[in-house]
Amino acid sequence: NQSGMLVTLEGYPVLDQTNQPINFDENDRAISIRDDGSISVDGAARTTLNIVQFDNEHLLEKAGNTMYKTDAPAKPAQNFTVAGGMTEGSNVKPVLALTHMIYTSRSLGDTANYISTINTLARKASDTLAKVY
């Protein structure tokens with residue numbers, strides 16, 4: 001941001017392993033974030049991102065567009081990779097999703113027609129049986 005603090009798109013500070021905001025000086029030039037979360041500035045190690053995990057991720061509650069909260073204790077994350085300079089993309093392929101939605105919609109319509117036909121046949125059978133007896 002304007003004061004040199006590393007922030008999320010929403011403006012929240014990104015914290016280091018000591019839970020302190022990560023700040024940069026105006027003289028810092030070559031800022032690099034490695035895949036292990038360590039940050040170096042002009043070739044010198046500066047700090048490490050605070051990347052955590054939770055024993056039960058189902059306890060996390062949504063607290064905004066990209067934020068979650070919980071009362072459960074966090075622990076340092078294991079087996080992760082930071083991808084610097086990347087933008088997370090959608091995990092949905094729009095054309096395939098639309099095709100699947102159309103297929104599901106048609107299947108629902110076909111099933112509704114089938115149920116209607118069965119009900120009509122059952123009603124006719126009931127009427128026919130009532131006339132016979």
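Here is a short chat about the predicted model shown above.

Student: Before I stare at side chains, what's the mean pLDDT of the protein chain?
Tutor: This is a predicted model, and the chain averages a pLDDT of 90, with 99% of its residues at 70 or more.

Student: Which elements have the lowest and the highest mean pLDDT?
Tutor: Strand 1, residues 31–33, has the lowest at 90. The highest is strand 3, residues 44–48, at 95.

Student: OK, on to the inside. Which residues make up the largest nonpolar core?
Tutor: That core has 6 residues: Ile22, Phe24, Ile39, Val41, Leu49 and Val82. As background, nonpolar side chains tend to be buried together in soluble globular proteins.

Student: Take Leu49, then. What is it in contact with, leaving aside neighbours within four places in sequence?
Tutor: Quite a list: Leu6, Val14, Leu15, Asp16, Gln17, Ile22, Ile33, Gly37, Ile39 and Val82. Ile22, Ile39 and Val82 in that list are also members of the core.

Student: Switching to charges: how many salt bridges are there?
Tutor: The count is 2. One pairs Asp28 with Arg46, and their closest N and O atoms are 3.2 Å apart. Asp28 sits in the segment before strand 1 and Arg46 in strand 3, so this pair ties together parts 18 residues apart in sequence.

Student: Is Asp28 buried or exposed?
Tutor: Asp28 counts as buried because its relative accessibility is 12%, under the 20% cut-off. Its partner Arg46 is partly exposed, at 37%.

Student: And what's the other bridge?
Tutor: Asp55 with Lys75, where the closest N and O atoms are 2.7 Å apart. Asp55 is in the loop between strand 4 (52–53) and strand 5 (61–62), while Lys75 is in strand 7, so the pair links parts 20 residues apart in sequence. Asp55 is exposed at 67% relative accessible area, and Lys75 is partly exposed at 35%.

Student: Now the outside. Which residues make the nonpolar surface patch of about 410 Å²?
Tutor: Tyr114, Ile115, Ile118 and Leu121 make that patch. Leu121 belongs to helix 1, which covers residues 94–132.

Student: Last one: where's Gly85?
Tutor: Gly85 is in the loop between strand 7 (75–76) and helix 1.

Student: Why does Gly85 count as exposed?
Tutor: Because its relative accessibility is 84%, and the cut-off for exposed is over 50%. Also, the C-alpha atoms of Gly85 and Ser32 are 9.5 Å apart, although these residues are 53 residues apart along the chain.

How values were computed. Residues numbered from 1 in each chain as written. Predicted model: local features only at pLDDT ≥ 70, side-chain atom pairs only at ≥ 80, totals over all residues. Heavy atoms only, no water. Core = buried A, V, L, I, M, F, W, Y, C linked by side-chain atoms within 4.5 Å. Buried < 20%, exposed > 50% of the residue type's maximum accessible area, 1.4 Å probe, protein only. Contact = heavy atoms within 4.5 Å. Patch = residues over 30% accessible without salt bridge, like charges linked within 9 Å, V, L, I, M, F, W, Y side chains within 5 Å. Areas by Shrake-Rupley, 256 points an atom, 1.4 Å probe, with all protein chains shown as cover. Salt bridge = Lys/Arg side-chain N within 4 Å of Asp/Glu carboxyl O. Helix = DSSP H or I, 4+ residues; strand = E, 2+ residues; numbered from the N terminus. pLDDT = per-residue confidence, 0-100.
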